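Q: I'd like to take a close look at a single part of this protein. Could you walk me through it, and then through what lies around it?

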Amino acid sequence: MRSCAGLALLCALLPWLLRAAAPGRPAQPLPRRDPRDPARGADFDRVYSGVVSLSTENIYSFNYTSQPGQVNAVRVYVNSSSENLNYPILVVVRQQKGVLSWQVPLLFQGLYQRTYNYQEVSRTLCPSEATNETGPLEQLVFVDVASMAPLGAQYKLLVTKIKHFQLQTNVAFHFTASPSQPQCPVYDLDHNVEFNGVYQSMTKKAAITLQKKDFPGEQFFVVFVIKPEDYACGGSFFIQEKENQTWNLQRTKNLKVTIVPSVKGSVYVQSILLSSLIFFSFYLGCLLIAFVHYIRFQRKSIDGSFGSSDGSENMAASHPIAAGTPEGSNYGAIEESSSSPGRQMSSSDGGQTCQSDTDSSVEESDFDTMPDIESDKNVIRTKMFLYLSDLSRKDRRIVSKKYKIYFWNIITIAVFYALPVIQLVITYQTVANVTGNQDICYYNFLCAHPLGVLSAFNNILSNLGHVLLGFLFLLIVLRRDILHRRALEAKDIFAMEYGIPKHFGVFYAMGIALMMEGVLSACYHVCPNYSNFQFDTSFMYMIAGLCMLKLYQTRHPDINASAYAAYASFAAVITLTVLGVVFGKNDLWFWVIFSAIHILVSLALSTQIYYMGRFKIDGSDTDLGIFRRAAMVFYTDFVHQCSRPLYMDRMVLLIVGNLVNWSFALFGLVYRPRDFASYILGIFICNLLLYLAFYIIMKLRSSEKLLPIPLFCIVATALMWAASLYFFFQNLSSWEGTPAESREKNRECILLDFFDDHDVWHFLSATALFFSFLVLLTLDDDLDVVRRDQIPVF
């Protein structure tokens with residue numbers, strides 16, 4: 001049970017809106033009261049005491065004059081010492097255009113049929129407003145107090161005029177409310193406050209943005225109602241049976257309400273233009289770089305200096321791995337002349353490698369016809385020191401066609417995934433708009449700027465960067481793809497035998513994934529809640545996974561995972577994430593199973609990476625034979641080697657990687673984090689960063705260079721991710737708790753009075769992902785003049 005001097009336990013519903021009452025007829029003099037009329041004249045601000053019973057009923061009449069331009073509201077207080085629920089005091093208030101009634105003690109229904117009785121009740125009457133056309137209005141209010149109690153019931157009555165009923169702009173108004181004493185008129189009890197208008201729950205703070213189109217009369221009522229229990233706002237569901245439930249008589253909440261103008265339309269225009277200009281400036285920068293490269297290429301072509309040297313002499317002399325290879329350590333290797341297809345090809349070869357990628361008849365079976373192909377793979381991939389030529393033996397057209405499947409598959413996934421998502425979020429937004437229930441969506445209400453039917457347009461606009469930068473990355477990849485195709489058609493020796501083999505299918509898939517991340521993140525922010533969190537996180541997993549696959553594919557083009565296996569793995573991760581969100585909060589059994597799966601998958605992937613995909617368990621390995629073979633491999637590679645593993649660099653990477661993943665598994669098992677989706681995303685990101693760091697370190701260790709563009713992209717990526725993660729962890733809302741608990745985290749806008757911290761996260765993360773993709777695209781540009789049989793594999 002949460003408590004803060006008896007205040008933090010309480011919940012208020014803030015606010016819901018009604019049009020002001022229509023003006024009445026012109027003021028008429030009140031008729032003289034008949035002496036036989038049981039109603040008796042009464043005065044405001046005077047306490048009346050009495051007793052009512054089955055045979056006694058008291059009626060009080062109050063009158064006042066309402067002047068044009070003024071809104072006079074009346075509040076009725078009734079108190080009774082009687083606790084007999086069978087014979088409560090009945091209060092009926094009659095006005096010119098309405099009747100309001102309640103009973104004392106006032107009964108509230110709680111959770112699990114619990115009831116709460118309040119002996120002091122006060123209500124505000126809906127005022128009638130005079131206008132210049134009607135002139136002053138004479139208002140008459142009758143208060144009827146009655147009871148069916150045979151022995152009578154005592155009561156006290158007080159009727160007052162509210163002095164500060166109209167709220168002024170930018171002026172804070174302080175007041176107190178309780179479950180039996182709500183503030184403001186009509187539909188102001190816990191069981192009927194949700195019948196009309198816009199409403200939301202709160203504990204400490206809340207905000208609602210109003211649009212003029214919803215209130216043609218430009219007037220609305222603000223209603224504050226205190227919940228009798230805490231469960232609606234995140235409190236305890238249970239109360240001890242012996243606990244005295246009369247404590248709720250002191251359930252009061254001190255409130256402050258302020259009406260402030262919303263942002264002007266010019267702020268919307270400025271925010272849209274600035275967001276667009278920022279990201280279109282990236283297009284301008286890329287065009288400038290492309291133009292500079294074009295000029296340099298033309299100059300080199302004129303000078304005839306391009307491609308005059310392949311740099312093989314310098315590479316061989318400075319290569320630490322090749323230079324340090326001990327004699328006799330190339331057990332199982334074949335001669336370089338047979339393992340390096342780059343040396344077998346030439347510009348005059350006229351072989352199959354010079355054909356176009358568009359040949360749709362190319363199939364892998366047309367080329368893998370050697371009867372000993374599997375044996376050949378085993379011999380090559382188990383060499384102690386591998387070079388790129390050893391792992392790029394397949395026909396280029398076959399491998400390119402294989403990687404293009406990544407692109408076409410992700411487009412199919414995006415279409416089938418996005419259509420129901422868009423339909424669902426439109427339904428969510430429609431329900432929220434029609435019902436007025438703002439507890440459906442978890443916005444940052446202190447910085448939620450509506451536009452049309454959208455409640456938080458700023459959260460949607462801030463995802464523009466993902467779409468624009470994703471499309472820009474596709475254009476950059478397309479340009480490189482076209483230039484590479486032209487080089488192949490011209491039989492350029494550098495395109496065929498030098499540098500990293502160019503396969504762009506995964507890059508295209510990464511660009512589509514970045515764009516879809518923006519689209520689905522925007523869909524999520526239409527109405528963020530527990531039911532649609534996986535909309536954008538799914539593509540976050542895919543982006544991280546595709547980056548790792550592309551980084552591995554760079555120097556292992558022949559043995560990378562197929563698109564079908566990769567996307568199937570992503571589907572399994574997403575399914576596991578949904579199960580974790582549903583069952584991972586309190587169920588220990590789920591975390592035990594997940595941690596075991598996490599560790600086993602890490603070991604299995606480590607084994608495949610360490611042996612370059614050549615560690616297999618065939619049908620002959622049954623029962624204990626599998627474990628016997630694994631033990632033999634362990635003995636051969638570790639115990640027998642004694643001093644060092646056979647593949648030291650790979651072993652170091654895999655040991656560190658396994659330690660990181662086992663730490664994640666242990667952390668999850670011990671602490672069981674509530675945000676399971678972010679926990680899984682953290683695993684992906686850490687593994688990606690670890691692999692990228694290893695790749696860059698090994699690249700530098702092999703005396704390879706970092707050209708200015710990839711070096712700039714690496715620095716920009718680090719800076720952008722550091723800044724974006726700062727804003728990501730601000731936690732402006734959270735669907736893990738109740739809507740009221742989420743509003744405690746809401747904050748004001750920080751950029752242009754339009755964007756909040758999470759919007760800045762969208763801007764910076766889109767930029768960080770774009771630079772990350774450029775790192776992968778340009779990281780090995782320095783190898784374009786190095787033969788593939790001299791590029792090490794790590």
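Is Asp780 buried or exposed, and what are its surroundings?

A: Happy to take you through it. This is a predicted model, in which local features need pLDDT of at least 70 and side-chain atom pairs count only at pLDDT 80 or more, while totals for chains, interfaces and linings use all residues. Residues are numbered from 1 along each chain as its sequence is written, and side-chain values use heavy atoms, with hydrogens and water left out.

Asp780 is buried, at a relative accessible area of 9%. Here buried means under 20% relative accessible area, exposed means over 50%, and partly exposed lies in between, with a 1.4 Å probe and protein chains only. The residue sits in the segment that comes after helix 20 (757-778). Helices are DSSP runs of H or I with at least four residues, strands are runs of E with at least two, and both are numbered from the N terminus.

Now for the neighbors. Leaving aside residues up to four places away in sequence, Asp780 touches Ile500, Thr554, Arg555, Tyr695, Lys699 and Glu704; contact means heavy atoms within 4.5 Å. With Arg555, the Asp780 side chain also makes a side-chain to side-chain polar contact of 3.1 Å. A polar contact is a pair of N or O atoms within 3.5 Å; within protein, one must be able to donate a hydrogen and the other to accept it, and residues adjacent in sequence count only if both atoms are side-chain atoms.

Follow Arg555 and Thr554 back and you are in helix 12, which covers residues 534-555. From its first C-alpha to its last, helix 12 reaches 33 Å over 22 residues, close to the 32 Å expected at 1.5 Å a residue; the expected span is 1.5 Å times one less than the number of residues. Helix 12 is mostly covered, with 21 of its 22 residues buried.

Helix 16 (residues 648-671) makes a useful companion: its 24 residues should span 34 Å, and its end C-alpha atoms are 34 Å apart, which agrees. Its buried residues include Arg650, Met651, Leu653 and Phe664. Just after helix 16 comes Arg672, with a positive phi near 50 degrees.

Stepping back to the whole chain, there are 20 helices and 16 strands. Of its 794 residues, 48% count as buried. Among contacts with a separation of 6 or more, 83% come from residues 24 or more positions apart.
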